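The following note is offered to a colleague who wishes to examine this entry at the bench. Please read the points beside the sequence and the structure shown here.

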Amino acid sequence: MASTLVDRHNLKQHKLKNATNGTRHSKVEGWRRRGPLLPALVFTIIVTQLPFLVTIWYSLRNWNLLRPDGNQFTGLQNYVDIFLDSTFRSSALNSIIITLGCVFAAMVLGIIFALLLDRKFRGQGVVRTMLITPFLIMPVAGATLWSVSMLNPSFGLVNWVISLVGIPPVDWTSSFPVVSILMALVWQWTPFTMLLVLAGLQSQPKDVLEAAQIDGASWGKTFLWVTLPQLRRYIELGVLLGTIYVVNTFDQIYLMTAGGPGTASANLPFYIYQRAFLGFDIGQAAAMGVVVVIATIIIATFALRLIFRSFDTKD
Amino acid sequence: MTTTMTPHSTAPSAERRSREARRRLSGSAITTGTWVLAFIFFAPVIWLVMTAFKQESVAASNPPVFFFVPTFDQFAAVLGNGAGSYFLNSLIATGVSTVFVILLAVPASYALSIRPVKKTQDVLFFFISTKMLPVVAVIMPIYVIAGQIKALDNIWTLVVLYTAMNLPIAVWMMRSFFQEVPAEVLEAAAMDGAGLIKTLRTILMPMVTPGLAATALICVIFAWNEFFFALNLTAANAATVPVFLVSQMTSEGLFLAKLSAASVLASLPVVIAGWVAQKQLVRGLSMGAVK
């Protein structure tokens, strides 16, 4: 339905082309259509694709800024090295844990908040505003807020709260670095999933819900069999877009744990950053970047099919 | 009136009344629960703002202090610490990149919706795929190239990168707004003999202005909050607000209250913009998929 306008235009264009049947004309028309697109397309290719080609070039070289004799062609040596690098593997695992953990937890919380917000009550607007605020706080500020004000072992608010029920203080960012990072991330991303699910709830046809109620279906059954299937598209979209944003997480790790203790909480973006800007190992870091991009392309190929399905079947 | 009332008719109404009362009771229970949950979720923000108004010694106390005499000392200290130039840099990087994004995205999305090019889907696919590429994979060449052309620690480098960062989102969003323009309106304009420029100016742009606002809001949020490029590509001259914020975390001495004050100041513009434009936020975050 959403593509009707496009279809109609395509059809018209097609008819027009058949009528005139001049290749010259259609060529001119083609460029007239392409014209407005080109600045954005060319700009994006130059700024995002060219550097990546250079990254591939770097990844084949033995280039460490600390070793002046370096920067020779080494073939695939960097790739061999990173596959033998256990920190690369553990960072990859952390990337997966952090991304899936954050998206899943944020989605569950987001669904709960959205359901609570999807009814009329006193102060609905205020509660909604409160709940979206964590997403608007600058991520750097949110990360320091969690690592210092909330999770600090001696004066953090979280330790004070758990002390009320007799739990001894915990050194969160050292003892549970990944959990600490997840707290800050889930806090930041829950409003995002909540807003998506809320939009889904509000687009629900009310007559279906009323029919279910008249039929005497319980709230749980209505949710499971009527609401949830209708929310599916919104949940898929939230998971997909959330994954795109969260997989590149850097700020929270840089500020809360610096990937530590050791490399216990480093994800791939942080580990590559460390190798490039602290280890000055351009070749290795570039090779890691290439591997991450290849993995991303494989995952994205599946994910994009999903995104197109959910964009095209909109009502 | 009362004489006509039979026991038969009062029984169900009483039952209904009690059911109604029960529902109202459970309704207010849910409302209270919602408020409590929202308060817990929002508590870190309250705590951040409270800490910003404390003296350092009060901020880092155990157990935490909830009642204190508020002070503006920390805000004064932050602003006296040269925060102005960082805010100016952020303002330039955010504002100029957002204008560039709109200038590039509007024609591009027009070419992907109203008068679509061939392979529209492929082009859209390409744009969104650049969003999936990890930024970290291109930071080294960007750093090296920027160094060679003497563009390190230059605000215009950030402007270019933020434009590229937000352009795919903007193209997708603007396309979704253009697609909502009814074909009949455009046909009518064509019949009236309106040229391309006139159609754009008088018909299309007014119809997609709310979309433009939503797009700009999203670009502003992401550009204002961006940290990775700013950290790696700027130093004394072009550093933006997030970099300034990190510099407030000194290893020596107390910094918590001052950091909180800086955090409040840094977040305030985007928080207010997001509060005001809640509806556009949803649409923007979903790249136009959710209306």
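**Note on chain B and selected backbone features**

1. Of the 291 residues that make up chain B, 53% count as buried. The reader should bear in mind that this is a predicted model.

2. As to secondary structure, chain B comprises 13 helices and zero strands. Read from the N terminus, its elements follow the order α-α-α-α-α-α-α-α-α-α-α-α-α. Chain B is more spread out than a compact globule, because its radius of gyration of 27 Å is well over the 19 Å that the globule rule gives for 291 residues.

3. The extent of chain B may also be stated along its principal axes, where the C-alpha trace spans about 95 × 75 × 30 Å. Among the contacts in chain B with a separation of 6 or more, 75% are accounted for by residues 24 or more positions apart.

4. The surface of chain B deserves a separate remark. Its accessible area comes to about 13300 Å², and carbon and sulfur atoms hold 68% of this area. The charged side chains of chain B number 19 positive and 12 negative, and the centres of these two sets lie 8 Å apart.

5. A backbone feature of chain A should be checked in the display. The peptide bond that joins A:Gly260 and A:Pro261 is cis, with omega at about 0 degrees. A:Pro261 is placed in the loop between helix H13 (251-256) and helix H14 (268-278) of chain A.

6. Is A:Phe280 buried, partly exposed or exposed? With a relative accessibility of 30%, A:Phe280 counts as partly exposed, because the class lies between under 20% for buried and over 50% for exposed. This residue is not a glycine, yet its phi has a positive value, near 55 degrees. A:Phe280 belongs to the loop between H14 and helix H15 (282-312) of chain A.

7. In chain B, a positive phi near 55 degrees is found at B:Lys150, again a residue other than glycine. Where does B:Lys150 lie? Its place is in the loop between helix H6 (139-148) and helix H7 (155-178) of chain B. The relative accessibility of B:Lys150 is 70%, so the residue counts as exposed, the cut-off for that class being over 50%.

8. For inspection, the backbone sites are therefore the cis bond between A:Gly260 and A:Pro261, the positive phi of A:Phe280, a partly exposed residue, and the positive phi of B:Lys150, an exposed residue.

Notes
Residues are numbered from 1 along each chain as its sequence is written. Chains are lettered from A and ligands numbered from 1 in the order in which they are written. This is a predicted model: local features need pLDDT of at least 70, side-chain atom pairs count only at pLDDT 80 or more; totals for chains, interfaces and linings use all residues. Side-chain values use heavy atoms; hydrogens and water are left out. Helices (H or I, at least four residues) and strands (E, at least two) are DSSP runs, numbered from the N terminus. The radius of gyration is taken over C-alpha atoms; the globule rule is 2.2 Å times the number of residues to the power 0.38. Buried means under 20% relative accessible area, exposed over 50%, partly exposed in between (1.4 Å probe, protein chains only). Contact means heavy atoms within 4.5 Å. Accessible areas come from the Shrake-Rupley method with a 1.4 Å probe; for residues, only the protein chains shown count as cover. Lys and Arg count as positive and Asp and Glu as negative; His and the chain ends are not counted. The place of a charge is taken as NZ of Lys, CZ of Arg, CG of Asp or CD of Glu.
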